[in-house]
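Biologist: Could you take me through one part of this model in detail, starting from a single arginine and working outwards? I'm happiest with a plain account that gives me the cut-offs as we go.

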Amino acid sequence: MKKQLIYGFLGIAAVATLTGCDDLLNDNRYPQSIQTSNAEFWSNPSNVQSECNYFYELFSGYGNGSGLGEFYAPGLNDNQTSSNGGENLANWKNINVPASSTNWSNPYIYIRRANLIIEGVEGSSLTEGEKANYLGIARMIRGWQYYGLVRAYGDVPLVETALDPSNPEDYAVLFEARTNRNTVMDYALADLDYAVANISAAKSKNAFSKDLAKAIKSEVCLYEGSYARYHAKDESRATKFFTEAAKVAGELVDAYPIGDNYQALYNSFRGALSANAEVIFMKEYEKDVFMHPTVDYTSSSTPISGITKDAFDAYLFKDGKPLALTSEDTSDLPVVTYEDSEPDKDGKVTRTYTLNIADVLAVRDGRLSQTIDEYVYFTGTPYQRSNSMPMTSRTGYGVKKFVSPEMDYTYTTTVWNYTCAPLYWGALVGLDLVEAKAELGTLTDADLDKTINKMFARADLPKATVASLSSMNDPANNMNVSSLLWEIRRCRRCELIYDKDLRYWDLVRWHQLELLDSEKHPNIYLGANVSGMPEDDRPANVDGYINAKGKGSRVFSDREYLFPIPSGQIGLNTNLTQNPGWN
């Protein structure tokens, strides 16, 4: 299939040795399958737009067809025990050095596509406005992809053009060493700044826009500021990137105010989510046209990856205090009732338990009751929602966050969900804003009123101030940061639980991956309190809490902060060096 000739960096060398140059450089083929310099093609706005439309593939949302997306599915964090109900504790993203990896190759495929568009558009006869718009879109994607590469690998090769392997100068680039990560991230920032200045659409919930570029820039700059402070110890660089994040996130928070309905961000149909003023960019699904499996996987008989005790305990109580400081009832014990069946022909009686936590949830942050069910359920003691099959969870806690009561679910067909996915939205960039400003020491009560206090209002929590968060002093703070930062990180965790693999990458940028060590932090694999059941009927537990660890352990070492460079890439280019700890 010719689309296999789309190649990433260094993979070009392998392709070039196996495929004739005429086959690779045939200008009559579809431009993204080969390299083209056809000015006539690039001078047609419809053609260029079609090429840009390929970038929508990068936003997986709730998934494409039967494949899961970026919500719920990533399970390597302290919020969940595993991915997709597997019986083992989710292990690190890499165990051994792979021969190849899409984490490495796919970004370079899209970087190449972006470079082809940039070069084609620059040599076209499009109007200056059209050129600036398409260059902005391509540079937005290129910058975003370089950020993903640096986040995973650190130093990476910086490819600024669409390489032609028949050109000796381009071919030589294939064998250069990795570029310093700071240089690559500065390059990515320049791309994003260009995109913000030049993409023509100011805003659009389902098309590339300036505001999407701003949202991506906010994410990238917050990450880089944190990395500079907590990994590189480079305060000048940290200040630069936190300042950029705060500025652009502040513009977005004013334009996309945080609404009063938390769950509506996650369980709405296309019309409702499109009308939600908080949504910056979304992925659309439509019944019987394009659907996804996320709700099925969180509502089926396959054991669900429920939240952990560690995550459950992070939610504040209605008085705005954490577990160690609240005056509320801190019991997490379900109300346990049971019903015995009639004796069968052998006189055996089957006992069915119900574990209700409605009272437990009633005194907590309202986002918790919109994220999990009011019943605890596990293998042998299932729970069944209306229109669902009996469900079980590895931790006992279910996943309610994505469920829409308006959709008639069927669980015999995996791909039947048509709720739409938020990709960037007001609360997400609001949390970028308050964290960046707290890191800079410039956070104000007015900032909180536009962000966290709106989140707290829809969670039925009292209003916070900079002073109240700074003086909270939760004994559970194990990140060696100020009380203010700890509380902002807590809000981010609870607000964005199950979203876009954010918790994992937050722990990376904060230099806190050690918290995923299952031997040192057992609460990350424990679940609900089942001590109210007779001991013989409980699932496997530790001191009454469900033990969802399963098989294996997850032990931290510093090498986990960077992915290993695929061995096949090093074999092609001996100037590439392996990341520490992966040799």
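**A close look around Arg489**

Modeller: Setting aside neighbours within four places in sequence, Arg489 is in contact with Tyr230, Glu439, Met479, Val481, Arg503, Trp510 and Gln512, where contact means heavy atoms within 4.5 Å. Please keep in mind that this is a predicted model, in which local features need pLDDT of at least 70 and side-chain atom pairs count only at pLDDT 80 or more, while totals for chains, interfaces and linings use all residues. Residues are numbered from 1 along each chain as its sequence is written, and side-chain values use heavy atoms, with hydrogens and water left out.

Arg489 sits in helix α20; helices here are DSSP runs of H or I with at least four residues, strands are runs of E with at least two, and both are numbered from the N terminus. With 2% relative accessibility, Arg489 is buried. That label stands for under 20% relative accessible area, exposed is over 50%, and partly exposed is in between, using a 1.4 Å probe and protein chains only. The side chain of Arg489 also makes a polar contact with that of Tyr230, at 3.4 Å. Such a contact is a pair of N or O atoms within 3.5 Å; within protein, one must be able to donate a hydrogen and the other to accept it, and residues adjacent in sequence count only if both atoms are side-chain atoms.

Helix α20 has another buried residue to look at: Glu495, at 0% relative accessibility. Its partner Arg458 is buried too, with a relative accessible area of 9%. Arg458 and Glu495 form a salt bridge whose closest N and O atoms are 2.7 Å apart. Because Arg458 belongs to helix α18 (residues 452-458) and Glu495 to helix α20 (residues 483-495), the pair ties together parts 37 residues apart in sequence. A salt bridge here is a side-chain nitrogen of Lys or Arg within 4 Å of a carboxyl oxygen of Asp or Glu.

Another of Arg489's contacts, Glu439, brings us to helix α16 (residues 426-440). This helix has 15 residues and reaches 21 Å from first C-alpha to last, close to the 21 Å expected at 1.5 Å a residue; the expected span is 1.5 Å times one less than the number of residues. Since 14 of its 15 residues are buried, α16 is largely enclosed by the rest of the structure. Gly441 follows α16, with a positive phi near 80°.

Next comes helix α21 (residues 502-509), which holds both Arg509 and Asp506, 3 residues apart, about one turn of the helix. An α-helix has 3.6 residues a turn, so residues three or four places apart point the same way. Arg509 and Asp506 form a salt bridge, with the closest N and O atoms 3.0 Å apart. Both ends are buried: Arg509 has a relative accessible area of 2%, and Asp506 is at 5%. Elsewhere, salt bridges that share partners join Arg181, Asp186, Glu224, Arg237 and Lys240 into one network.

For a wider view, the structure holds 42 salt bridges. One of them links the side chains of Asp254 and Lys450, at 3.3 Å from N to O. Asp254 is in helix α10 (residues 235-255) and Lys450 in helix α17 (residues 445-450), so this pair ties together parts 196 residues apart in sequence. Asp254 is exposed, at 51% relative accessibility, whereas Lys450 is partly exposed, at 29%.
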